[in-house]
Amino acid sequence: MLVPVSDVGLGDRAAQVLRRNDLGSMTAAAPRLYPHMWSWDSALIAVGLAQLSVPRAVTELRTLLRAQWSTGMIPHIVFSAGDGYFPGPERWGTQAAAAAPASVRTSGICQPPVHAVAVRRIVDAGRRAGGSAREEAEAFVRETFGAWLAWHRWLATARDPDRRGLVEIYHGWESGMDNSPRWDRPYAAVVPGAELPSFVRTDVDHVGDARERPTDAEYGRYLWLVEQLRRVGYDDDAARDVVGFRVADVFTSAILAVASEELALLGEELGAGSGDDVAELRELAARFRAGVASTVSPSTGLARDLDRRSGEWIETETVAGFAPLLCGPDDRQRELFWGERWCGHPALAHPLPPTVSPSDPGLQPRAYWRGPVWPIVSWLFSWAFARHGDDDGAGRLREASLRQLAAGDFGEYYEPFTGEPLGSLHQSWTAAVTLDWLS
Ligand code: 9WN
């Protein structure tokens, strides 16, 4: 498809953001606020890099895989030499963890497993370009299939010990949606102990208004969970017993389902892994898809997280409730998604899913995961819609997102009613998904 003339400049600007945030073999998630590599950011960054250079996209994911733990876990941060982000490697203290890699400094928790989606986009881009780009992309799949499989297996065992088809998280950071109101109830039960070492936040120095970030009270709980995990050396079994936050995350579970399906397809297409590996991934996909479906509230039609410590369903009306739509077509959810409580709400600047329903009086339009629109979330839905043949839905999200992004600031998130960019500007994954939408 021809790129409209007005979008040409936008693509150039997006490419420039990725170049400026390029640290050599990894891309900083954002220039000042996030000077390191984040796991799910790096996958989405690779999706954008694939449009510019397949080898550079492959390098991004190779760097991430070098940080993989011996358990299979892919850590949520891979630290660069840069500083200015708190909590840094000293606070995480993962060098004492038996499963951590020896030569790379990482955090000790994970993030949503979007990586196989990125590998698929790299293969697609390689095939479109042909020649050595195709060869490199396909060879990369053969070479790394086992590592991605180990990652999915770890999530399906260490984080789904009862085989419910739902991934348990031990920290809001693991969901990628840090201060979403989804986590308010479970966090209310997290009470930082007096032994919590003191800390000084740096994140609030890098945004226009501190109210766009989580509160100090929230940060205290975030750091307390890190402390609990650090004390048990991030050991999977011990962590399950000591950690104060244990929630079955429906959005991460949907991503695991769909990414496992993609990985199975890639394995089959490229003869990577054995027939048993592919069958195992298909079983994982089916198990987690069923797990996601089992959480849907009959009254609201939205999927719910489950607080494993209290046994309670989490009923907040957030975008994560559309997890089933990531897994495949769903008429009831599709209607809800485009309806007045969500993308069809008349007050929205663009028909895009905010993180909290615009009909919910608790929506905070400038506060991080409590209301703003995140372009990467819109991208995940547009990718999933296209994947299951809903080209109309995918096209609507693409067009509205490109209108939202047209000013070229590549905000981390956007005010849903005014369209103002918020948080960090020149955010790498926002630029990356823009490039994918323009391809
Ligand atoms: C904590 C890097 C990351 C994203 C997350 C987003 C934010 C970190 C933070 O930034 O989280 O991991 O310090 O706020 O919530 O989704 O991966 O862009």
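Student: How do the residues of the shell around the ligand divide into nonpolar, polar and charged?
Tutor: Happy to start there: this is a predicted model, where local features need pLDDT of at least 70, side-chain atom pairs count only at pLDDT 80 or more, and totals for chains, interfaces and linings use all residues. Residues are numbered from 1 along each chain as its sequence is written. The shell (C-beta, placed from the backbone, within 6 Å of the molecule) consists of Ala29, Tyr34, Trp38, Trp40, Asp41, His76, Trp173, Gly176, Asp178 and Asp203. Counting Ala, Val, Leu, Ile, Met, Phe, Trp, Tyr, Cys and Pro as nonpolar, Asp, Glu, Lys and Arg as charged, and the others, Gly among them, as polar, the shell divides into 5 nonpolar, 2 polar and 3 charged.

Student: What is the radius of gyration of the protein, and why does it agree with a compact globule?
Tutor: The C-alpha trace spans about 60 × 50 × 45 Å along its principal axes. For 439 residues, the globule rule (2.2 Å times the number of residues to the power 0.38, over C-alpha atoms) puts a compact globule near 22 Å, which agrees with the protein's radius of gyration of 20 Å.

Student: Which strands stand at the edges of the open sheet?
Tutor: The protein has 17 helices and 8 strands (DSSP runs, H or I of at least four residues for helices and E of at least two for strands, numbered from the N terminus). Four of the strands form the open antiparallel sheet β3-β4-β5-β6, in that order, with pairing requiring at least two DSSP bridges. One side is left without a neighbour in the sheet for each edge strand, because each has a single partner: these are β3 (167–169) and β6 (313–314).

Student: Is Asp249 buried or exposed?
Tutor: Asp249 lies in strand β4. Leaving out residues up to four places away in sequence, Asp249 touches Val167, Ile169, Ser175 and Asp305 (contact: C-beta atoms, placed from the backbone, within 7 Å). The cut-offs are 20 or more other C-beta atoms within 10 Å for buried, 12 or fewer for exposed, and partly exposed in between. Asp249 has 27 C-beta neighbours inside 10 Å, so Asp249 counts as buried.

Student: How many of the residues of helix α17 are buried?
Tutor: Across the protein, 54% of the 439 residues count as buried. Helix α17 (residues 428–438) is largely enclosed by the rest of the structure, because its buried residues number 11 of the 11.

How values were computed
Two residues are in contact if their C-beta atoms, placed from the backbone, lie within 7 Å.
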